[in-house]
Amino acid sequence: MSAIEIKPVTADNWDLLEALFAAHGTVRGCWCMYFRLTSREFGDGWGDGNRDEMCRLVCDEGVVPGLIAIEDEEAVGWVSVAPREEFGRVQRSRVTKPVDDEPAWSIVCFYVKPGARRGGLTRALVDAAVEYAVDNGARLVEAYPYDTDEARRSGIEIYYGVASTFRQAGFEEVERRSPHRPIMRLRPQGG
């Protein structure tokens, strides 16, 4: 395996994200807009509409919605990370709503291309997301992963990551409102 580079998604590398999502799904049609839109907006935009909205954020508004992992000039992974206030659905959910008023950045979603899985890329994406958040002013980073029973889970169950990966990265559980979905936090050094 060659070296993997993890970079913010920008208009300059939008084509790599588009190729990763279009060819491999990300639950076909989501385009990682689920946490950014209301249910109606998300449903109305399913597929091309969600792609167009993500492209508008990245290419027209200059929003960095997350990071992309690149190997041999091809995207192999993605993590969505941004200030929590960009994810309205996180804030409205009974499971993931904020535990307090402290500002936080949120890691909400992953996609790792088949063939690149089970090699530590998700952990590398977590570490890169934390570093990116801190570099952009975060003093607290949150995640809302699936807490598995160590049994293999489908991608649809773990697209928001697994708790064990976040624990290994130093995150601690701060609240649990659902049996399998803890709210986990990290106060990075320098953050």
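Here a trainee and a mentor talk through a predicted model.

Trainee: Before we start, what are the ground rules for this model?

Mentor: It's a predicted model, where local features need pLDDT of at least 70 and side-chain atom pairs count only at pLDDT 80 or more, while totals for chains, interfaces and linings use all residues. Residues are numbered from 1 along each chain as its sequence is written, and side-chain values use heavy atoms, with hydrogens and water left out.

Trainee: OK, cysteines. How many disulfides does the count come to?

Mentor: A disulfide here is a pair of cysteine sulfur atoms within 2.5 Å. Take C32: its closest cysteine sulfur is in C109, 3.5 Å away, so that's too far for a bond. C55 is in no disulfide either, with the sulfur of C59 the nearest at 3.4 Å. The count comes to 0 disulfides.

Trainee: Is C32 buried or exposed?

Mentor: Go by relative accessible area, using a 1.4 Å probe and protein chains only: under 20% is buried, over 50% is exposed, and in between is partly exposed. C32 has a relative accessible area of 6%, whereas C55 has 24% and is partly exposed. That makes C32 buried.

Trainee: Where is C32 found?

Mentor: Helices (H or I, at least four residues) and strands (E, at least two) are DSSP runs numbered from the N terminus. C32 isn't a glycine, yet its phi is positive, near 55°. It's found in the loop between helix 2 (26-29) and helix 3 (39-44).

Trainee: Which helix gives the most to the largest nonpolar core?

Mentor: A nonpolar core is a set of buried Ala, Val, Leu, Ile, Met, Phe, Trp, Tyr and Cys residues joined through side-chain atoms within 4.5 Å. The largest one has 31 residues, and L17, F21, M33, I68, W78 and V108 have the most contacts inside it. At least two residues each come from helix 1 (14-24), helix 4 (48-60), strand 2 (66-71), strand 3 (74-83) and strand 4 (105-112). With 5 residues, the one that gives the most is helix 1.

Trainee: How many residues are in the second, separate core?

Mentor: Look for W105, I107, L121 and A129, which are included in that core. It's separate from the other one, and its size is 29 residues.

Trainee: Now the strands. How many bridges are there between strand 3 and strand 4?

Mentor: Two strands pair if DSSP finds at least two bridges between them. Strand 2 and strand 3 do so in the antiparallel sense over 6 bridges, with E71 opposite E74. Strand 3 is mostly covered, too, as 9 of its 10 residues are buried. Its pairing with strand 4 is also antiparallel, with V79 bridged to F110, and the number of bridges is 7.

Trainee: Which residue in the turn of the hairpin formed by strand 2 and strand 3 has a positive phi of about 50°?

Mentor: There are 2 residues between those strands. E73, in the loop between them, has a positive phi of about 65° although it's not a glycine, and at 73% relative accessibility it counts as exposed. The one at about 50° is D72.

Trainee: How many residues apart in sequence are the parts tied together by F21 and Y111?

Mentor: Rings of Phe, Tyr and Trp (its six-membered ring) pair if their centres lie within 6.5 Å; planes under 30 degrees apart are stacked, over 60 edge-to-face, and the rest tilted. F21 and Y111 are edge-to-face, 6.5 Å centre to centre with 90° between the planes, and both are buried. F21 lies in helix 1 and Y111 in strand 4, so the parts are apart by 90 residues.

Trainee: Which ring does the charged end of R181 sit over?

Mentor: A charge sits over a ring if NZ of Lys or CZ of Arg is within 6 Å of the ring centre and within 35 degrees of the ring normal. R89 does this with Y34, 3.8 Å from the ring centre. For R181 the distance is 3.7 Å, and the ring is that of Y160.

Trainee: Last one: which residues is V63 in contact with, leaving aside neighbours within four places in sequence?

Mentor: Contact means heavy atoms within 4.5 Å. V63 has its place in the loop between helix 4 and strand 2. Leaving those neighbours aside, its contacts are V9, L57, V58 and E86.
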